[in-house]
Amino acid sequence: MLAAYPRLDVLINNVGGYWAHRHVTADGLEHTFALNHLAPFLLTNLLLDRLIASAPAGS
């Protein structure tokens, strides 16, 4: 997938989810926390090298 996009000019993490009842992932994490906090953090870290390489977008 990264080969299809050599530059990353902007990264917007817009995530929001809410479950009325507590659900736990296979890793033992609460769904709302995993989706709203951990997923954007992971995505940003996976794309960080590409974002920095696309400077000045990364600065």
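Biologist: Where is the place of Leu-8 relative to helix 1?

Modeller: Keep in mind that we're looking at a predicted model. Helix 1 covers 31-53. Leu-8 sits in the segment before helix 1.

Biologist: And is Leu-8 buried or exposed?

Modeller: Let's check the number: the relative accessible area of Leu-8 is 17%. The cut-off for buried is under 20%. Since 17% falls under that cut-off, Leu-8 counts as buried.

Biologist: How far apart in space are Leu-8 and Ala-55?

Modeller: In sequence, these two are 47 residues apart. In space, going C-alpha to C-alpha, the gap between Leu-8 and Ala-55 is 8.8 Å.

Biologist: Which residues does Ser-54 touch, leaving out those up to four places away in sequence?

Modeller: Ser-54 lies in the segment after helix 1, and its relative accessible area is 1%, so it is buried. Its contacts, with residues up to four places away in sequence left out, are Pro-6, Arg-7 and Leu-8.

Biologist: You just mentioned Arg-7. Which residue forms a salt bridge with Arg-7?

Modeller: Side chains of opposite charge can pair when their charged atoms come close. The structure holds one salt bridge. Arg-7 is partly exposed, at 43% relative accessible area. The closest N and O atoms in its salt bridge are 2.6 Å apart, and the partner is Asp-9.

Biologist: Okay, on to helix 1. Is Thr-32 buried or exposed?

Modeller: Thr-32 is found in helix 1. It touches Gly-17, Tyr-18, Trp-19 and His-37, not counting residues up to four places away in sequence. With a relative accessibility of 17%, Thr-32 is buried.

Biologist: What about Trp-19: which residues form a nonpolar patch on the surface with it?

Modeller: Trp-19 is in the segment before helix 1. Its relative accessible area is 33%, so it is partly exposed. The patch has about 220 Å² of accessible area together, and the residues joining Trp-19 in it are Val-15 and Leu-35.

Biologist: Zooming out, what radius of gyration does the protein have?

Modeller: The protein has one helix and zero strands. Its C-alpha trace spans about 45 × 20 × 15 Å along the principal axes. For a compact globule of 59 residues you'd get a value near 10 Å, but here the radius of gyration is 15 Å.

Biologist: Last one: how many of the 59 residues, in percent, count as buried?

Modeller: The protein exposes about 4,800 Å², with carbon and sulfur atoms supplying 63% of that area. Leu-8 is one of the buried residues. Out of the 59 residues, the buried share is 12%.

Notes. Residues numbered from 1 in each chain as written. Predicted model: local features only at pLDDT ≥ 70, side-chain atom pairs only at ≥ 80, totals over all residues. Heavy atoms only, no water. Helix = DSSP H or I, 4+ residues; strand = E, 2+ residues; numbered from the N terminus. Buried < 20%, exposed > 50% of the residue type's maximum accessible area, 1.4 Å probe, protein only. Salt bridge = Lys/Arg side-chain N within 4 Å of Asp/Glu carboxyl O. Patch = residues over 30% accessible without salt bridge, like charges linked within 9 Å, V, L, I, M, F, W, Y side chains within 5 Å. Areas by Shrake-Rupley, 256 points an atom, 1.4 Å probe, with all protein chains shown as cover. Contact = heavy atoms within 4.5 Å. Rg over C-alpha atoms; globule rule 2.2 N^0.38 Å.
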